[in-house]
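Visitor: I'd like a quick tour of this one. Can we start with how its parts meet and then move to the ligand?

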Amino acid sequence: MSRGDLKVAIVGAGPGGLAAIINFLRVSGIDLSVFEGARELKEIGAGIGLNQNTWRHLQLLGVADKLEEFANRGDGTKIDVENRNGNTGHLISRRYQSVDPDTPARSRIERYKLQNALLSGVPKDLIQLNKKLVEIKESDEGVTLFFKDGTDAGPFDLVIGADGIRSVTRSYAFPDHKLSYTGKTAYRILIPQSAVAHIPDIPQGSCFWHTKATHVYTNPLDNGLFEIATRAVIPDTDGTKTSWGQEVSKEEVVGHYSGYCETIRKVIDAPDKWLEFAIFGGPRLDSVIHNDRIALLGDASHPLSGAFGAGAAFAFEDAHVLAQSIRHALETNGSIAQALRDYDQVRAPHYKALYEILDVNAGTAKEIELAQPELNDDEFVEEIVAKGLAGNTQWIYQYDVTKVWKDYLASRLEDKGSIDQSLVIPDA
Ligand SMILES: Cc1cc2nc3c(=O)[nH]c(=O)nc-3n(C[C@H](O)[C@H](O)[C@H](O)COP(=O)(O)OP(=O)(O)OC[C@H]3O[C@@H](n4cnc5c(N)ncnc54)[C@H](O)[C@@H]3O)c2cc1C
């Protein structure tokens, strides 16, 4: 560090914050501080999907080897994913894992394993725990952070809000942005595979069981555990839905799935308790930077609530581009204001494209209802799943943000002479 170092604070040490730490530690000229609200870094008992893009980023972050033992490389016989009619159990589609040894593996693991892998790339003691951000103030000197424990830190030249869906940083930078309950709740749990082994027709790979309004996801994990993740439509009649990872009883869950086929009714009946996640959303932000000093990333910027099963990869992409844009500014005597604009301009179109897919999917259900009112629920489910599978979402998992960043920078600098490629090629 030197007197001239850029003082950067990262708030939040989830997947996005941890990836930002690793990226920013590779940029010279940064004096980095990290604040995490939790007393200890501990992930909840749920699974997380690592798609091809997530793996690519784990490689870029230098921590993929910590998860290699869980990588599910295809041999042509392993089922990657199935889609079934939840009412009848009828198989709608089945895909086998790729056998291409060069394709990063698709796997599903317990969330804490991803966290541990990322933590292996972070120096011990860098993350200040029990620092729950409650207030932000700006002055000519920079941004000062105030924490629940009565302490403060700063002023900082740049604050990165990686504080998740209920981001305090976002509330400060975009006070009009208000979260609201989506009307959907997820119930999730990991149980031993032995608890469901007796159930007939239990699939051996990951499987979505669809009905008209909800779905259930089942998946045997790598280590003898069985993951169940569901969605239920639950109106918030008294405006009190806030829970996130809260334990609820079996009785609160089973009723939502009584119309499903016997296999799923038995699966849902297997756990004694569940974790409940009320799903929140908010207005879409076109820009996630504020006053040339604050940038949001990951769920703090665009909470997608598990859509696409790639939220961690989106947060990694954000962290990569943000660090590259700051690196470029520092190495070329550019401004932080321009760096943040670069970050916004690279990431905003990507999120816009993701939101468009969600809009199209939402529209598809309405279109089918209008065009084919004669369909019964089972026919409707099969039609909508088929239409969803036909949609092009593969680019999300093949999206190479390192190339996008390089192309963006090259085009921005086009009129300014040659570019030193070493400035934009990410560290391995
Ligand atoms: C039901 C569901 C299923 C999902 N499935 C997948 C999947 O299969 N694959 C996938 O890639 N993604 C999945 N996601 C998305 C993924 O979990 C998120 O996109 C990812 O965790 C975002 O990481 P993040 O670091 O931005 O936020 P978070 O993981 O929310 O981390 C935020 C961090 O900030 C801390 N923090 C919060 N507030 C403060 C504060 N005020 N002060 C200081 N620290 C604070 C928190 O303690 C936490 O450590 C799913 C999400 C949901 C809801």
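Visitor: How many residues of domain 1 are in contact with residues of domain 2?
Guide: Heads-up: this is a predicted model, where local features need pLDDT of at least 70, side-chain atom pairs count only at pLDDT 80 or more, and totals for chains, interfaces and linings use all residues. Residues are numbered from 1 along each chain as its sequence is written, and side-chain values use heavy atoms, with hydrogens and water left out. Contact here means heavy atoms within 4.5 Å. On the domain 2 side 13 residues take part, and on the domain 1 side the number is eleven.

Visitor: Which three residues supply 40% of the area that domain 1 buries against domain 2?
Guide: Buried area is the accessible area (1.4 Å probe) that two parts lose on being put together, summed over both. Between domain 1 and domain 2 that comes to about 1000 Å², with 51% from carbon and sulfur atoms. The trio that supplies 40% of domain 1's part, more than any other three residues, is Ala46, Arg166 and Ser305.

Visitor: Why does the ligand lie between the two domains?
Guide: The bounds come from an automatic or database domain assignment, which gives domain 1 (6-46 + 112-178 + 284-379 + 399-423) and domain 2 (180-281). The ligand lies between them because residues of its shell come from both domain 1 and domain 2.

Visitor: Which element gives the most to the shell around the ligand?
Guide: A residue is near the ligand if one of its heavy atoms lies within 4 Å of it, and 31 residues surround the ligand. Helices (H or I, at least four residues) and strands (E, at least two) are DSSP runs, numbered from the N terminus. With three residues, the top contributor is H1.

Visitor: What is the distance from a polar side-chain atom of Asp299 to an oxygen atom of the ligand?
Guide: A polar contact is a pair of N or O atoms within 3.5 Å; within protein, one must be able to donate a hydrogen and the other to accept it, and residues adjacent in sequence count only if both atoms are side-chain atoms. Through backbone N or O atoms, Gly16 lies 2.8 Å from a ligand oxygen and Leu133 lies 2.9 Å from a ligand nitrogen. For the side chain of Asp299, the distance to a ligand oxygen is 2.8 Å.

Visitor: Which peptide bond is cis?
Guide: Most peptide bonds are trans. Pro155, found in strand E10 (residues 152-156), takes part in a bond with omega near 0°. The cis bond runs from Gly154 to Pro155.
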